[in-house]
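User: I'm new to this one, so please pick a single part and walk me through it closely. Start with how the strands pair up, then work outwards to the rest of the chain.

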Amino acid sequence: MIFEELPLPGAFRIKLEKKADARGHLARTFCAREFSERGLNPSCLQCNTSFNRARGTLRGLHWQAAPHAETKLVRATRGSLWDVMIDLRPQSPTFLKWHGETLDEDNGVMLYIPEGFAHGFVTLRDNTELAYQMTTFYDPASARGARFDDPAFGIEWPAISHPVVSDRDLAFPAFSPDPPG
């Protein structure tokens, strides 16, 4: 794996190093030792998948608040999506800044999204699937969200004429940092 730091402190792009031959390829998608050597959280307590039938499906922005804040490792296993993360750590020099990029089944890119970040994506193709590894268990009481179009973030989403967004995601209030403690 090739680890590349992103402009948001603690966030990484991780590229797969594919070993290819006539049969296809093999690539490591996770190694606790390699993550630990870079000071990244190597814990994997839960794995999820998100399958999205239609191009333009928009999910997020989601995160878990402390004490159940989670780090995510995400990648596209089928199709293509534009993935975005937002730094929600009030003490961070990049507080409320975002980073987005395309993940697809061919480019071998994963994103390491640290604790204290929101996450969302929009699919760029029909039948897109995303795989997640998380460092903590899902805790419904800690689940938080913000609207994808919240002006606090100013995210420049790809042009999608009719995004498919859940009623739950549309109902999120304007962003407000969690109160201390």
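Analyst: Ile2 has its bridge partner in β2, and that partner is Lys15. The two residues belong to a pair of antiparallel strands, β1 (residues 2–5) and β2 (residues 12–15), joined by 4 bridges. Strands here are DSSP runs of E at least two residues long, helices are runs of H or I at least four long, and both are numbered from the N terminus. Two strands pair if DSSP finds at least two bridges between them. Before going on, note that this is a predicted model, where local features need pLDDT of at least 70 and side-chain atom pairs count only at pLDDT 80 or more, while totals for chains, interfaces and linings use all residues. Residues are numbered from 1 along each chain as its sequence is written, and side-chain values use heavy atoms, with hydrogens and water left out.

Back to the hairpin of β1 and β2: 6 residues lie between its strands, and among them Gly10 takes a positive phi near 90°. Lys15 then leads us onward, as its bridge partner in β10 is Val109. β2 and β10 pair in the antiparallel sense, over 4 bridges. β10 is also joined to strand β7 (residues 72–78), again running antiparallel, by 4 bridges. In that pairing, Leu111 of β10 has Val74 standing opposite.

So what covers β10 itself? Strand β10 (residues 109–113) is mostly covered, with 5 of its 5 residues buried. Buried means under 20% relative accessible area, exposed means over 50%, and partly exposed is in between, using a 1.4 Å probe and protein chains only. The side chains split two ways: Val109, Leu111 and Ile113 point one way, Met110 and Tyr112 point the other way, and all of them are buried.

One residue that touches this strand is Leu103, found in strand β9. Leu103 counts as buried, at 0% relative accessibility. Not counting residues up to four places away in sequence, Leu103 touches Val109 and Leu111, and its list also takes in Val74, Arg75, Ala76, Gly79, Ser80, Leu81, Asp83 and Leu130. Contact means heavy atoms within 4.5 Å. Not everything is close by, though: Phe137 is 34 residues from Leu103 in sequence and 24 Å from it in space, C-alpha to C-alpha.

β9 (98–104) has a loop before it, coming from β8 (80–87), and Leu96 sits in that loop. Leu96 is not a glycine, yet it has a positive phi of about 70°. With a relative accessible area of 23%, Leu96 is partly exposed. Asn127 is another residue other than glycine with a positive phi, near 55°. You'll find Asn127 in the loop between β11 (117–123) and β12 (128–134), and at 35% relative accessibility it counts as partly exposed.

Now look on the other side of β7. Pro67 lies in the loop between β6 and β7, and a cis peptide bond joins it to Ala66, with omega about 10°. Strand β6 itself contains Leu61, and the peptide bond from Gly60 to Leu61 is cis as well, with omega near 20°. Just ahead of β6 (57–64), Gly56 has its place in the loop that comes from β5 (46–52). Gly56 is buried, with a relative accessible area of 0%. Leaving aside neighbours within four places in sequence, Gly56 is in contact with Val122, Thr123, Ile160, Pro163 and Val164. Pro93, by contrast, is 37 residues along in sequence and 32 Å away, C-alpha to C-alpha.

Stepping back, the chain has 2 helices and 14 strands. Its radius of gyration is 16 Å, close to the 16 Å that the globule rule gives for 181 residues, so it is as compact as a globular protein of that length. That radius is taken over C-alpha atoms, and the rule is 2.2 Å times the number of residues to the power 0.38. The C-alpha trace spans about 50 × 40 × 30 Å along its principal axes. Buried residues make up 45% of the 181. Finally, of the contacts with a separation of 6 or more, 78% come from residues 24 or more positions apart.
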